[in-house]
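Dear colleague,

I am handing over the structure we spoke about, with the sequence alongside. Please open both before reading on, since the notes below are meant to be followed residue by residue.

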Amino acid sequence: MTQPTPFQIIRNEIIHDPDNAIFKKEGQIPVYMADAKARILIIGQAPGAVAAEKGIPFDDQSGDRLREWLGVDRETFYHSGLFAVLPMDFFFNGKGEHGDLPPRKNFAEKWHPKLIALMPGIQLTLLLGSYSAKAYLHGNSHFKLTDAVENFRQYLPKYFPLIHPSPRNNIWLAEHPWFGNDVIPALRQRVQHILNGQ
């Protein structure tokens, strides 16, 4: 009998964690990607309804835009093993008045370190949106994502804060042209250097 891998063991623990029982009952599976070969880690907020239904992170409009920002195709993103995706919560928590409900507190603190420890080759962590940026950059109550994104170079080489690629942020993107002119070219260059082993 084949022994489960460390990744499989953690996945099983997540599925059977009592804190996640309601999602297991609903038939949801944890939505994330992790691979021992990963070099780039993407930390978002939580899977949306589409991702939860498909069981695949970023297989939607947000994902199309994200891959465009990164300068990679679907094959590289999903099948090279070089990208990992760990949302701040691996389950869809439902809809609120202003969109999806936020990720649960303490979920990332419980599971991210275990999975990241199995991916020693991570060279860059992309922080998509305010939940992940605030958590990983230790932002206080005055933390502003726009400021972090505009000043992304101060967080390199470990972190790269970004606005979430959701269509909900189209207005923000239109109001901040420096993002496309400055941030995206720098992101693509950094990603290509890493993927090319430089």
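According to the UniProt annotation, which comes from an unreviewed entry, residues 31–188 are covered by the feature "domain: Uracil-DNA glycosylase-like". Please bear in mind that what you have is a predicted model. Over residues 31–188 the chain is 39% helix and 13% strand, and the C-alpha atoms at the two ends of this stretch lie 25 Å apart.

The sheet is a good place to begin. It is an open sheet of 4 strands, arranged in the order β2-β1-β5-β6, with parallel pairing. The edges are taken by β2 (83–85) and β6, and because each of these has a single partner strand, one side of each is left without a neighbour in the sheet. On average, neighbouring strands of this sheet are turned by 20° against each other, if direction is ignored. Helix α10, which spans residues 178–195, packs on the sheet and touches β1 (40–43), β2, β5 and β6, while its direction makes about 145° with that of β6.

At the β6 edge, strand β5 (residues 124–128) pairs with β6 in the parallel sense over 4 bridges. Within this pairing, Leu126 has Phe160 as its bridge partner in β6, and Leu127 has Pro161. In a regular strand the side chains alternate between the two faces of the sheet. In β6, Tyr159 and Pro161 point one way and Phe160 and Leu162 the other way, and all of them are buried.

Just ahead of that strand there is a backbone feature that is worth checking by eye: the peptide bond joining Leu156 and Pro157 is cis, with omega at about 5°. Pro157 sits in the loop between α8 (145–150) and β6 (159–162).

After β6, Arg168 lies in the loop that leads from β6 to α9 (170–175). Its relative accessibility is 63%, and therefore Arg168 counts as exposed, the cut-off for that term being over 50%. Leaving aside neighbours within four places in sequence, Arg168 is in contact with His98 and Gly99. Although Arg168 and Gly99 are 69 residues apart along the chain, their C-alpha atoms are separated by 9.5 Å.

Two further residues have a positive phi without being glycine, and they are set in different surroundings. Phe58, in the loop between α3 (49–54) and α4 (61–70), has a phi near 60°, and at 11% relative accessibility Phe58 counts as buried. Asn106, in the loop between β4 (99–100) and α6, has a phi of about 80°, but at 53% relative accessibility Asn106 counts as exposed.

Finally, which residues does His112 touch, once those up to four places away in sequence are not counted? They are Ile43, Leu86, Pro87, Met88, Phe90 and Tyr136. His112 itself lies in helix α6 (residues 107–116), and its relative accessibility of 1% is why it counts as buried. With one of these residues, Tyr136, the side chain of His112 makes a polar contact of 2.7 Å.

With best wishes

Conventions
Residues are numbered from 1 along each chain as its sequence is written. This is a predicted model: local features need pLDDT of at least 70, side-chain atom pairs count only at pLDDT 80 or more; totals for chains, interfaces and linings use all residues. Side-chain values use heavy atoms; hydrogens and water are left out. Buried means under 20% relative accessible area, exposed over 50%, partly exposed in between (1.4 Å probe, protein chains only). A polar contact is a pair of N or O atoms within 3.5 Å; within protein, one must be able to donate a hydrogen and the other to accept it, and residues adjacent in sequence count only if both atoms are side-chain atoms. Contact means heavy atoms within 4.5 Å. UniProt positions are given in the numbering used here, feature names are shortened, and annotations may be inferred rather than shown by experiment. Two strands pair if DSSP finds at least two bridges between them. Axes are lines fitted to C-alpha atoms, for helices over the stretch in contact, and angles run from 0 to 180 degrees between N-to-C directions.
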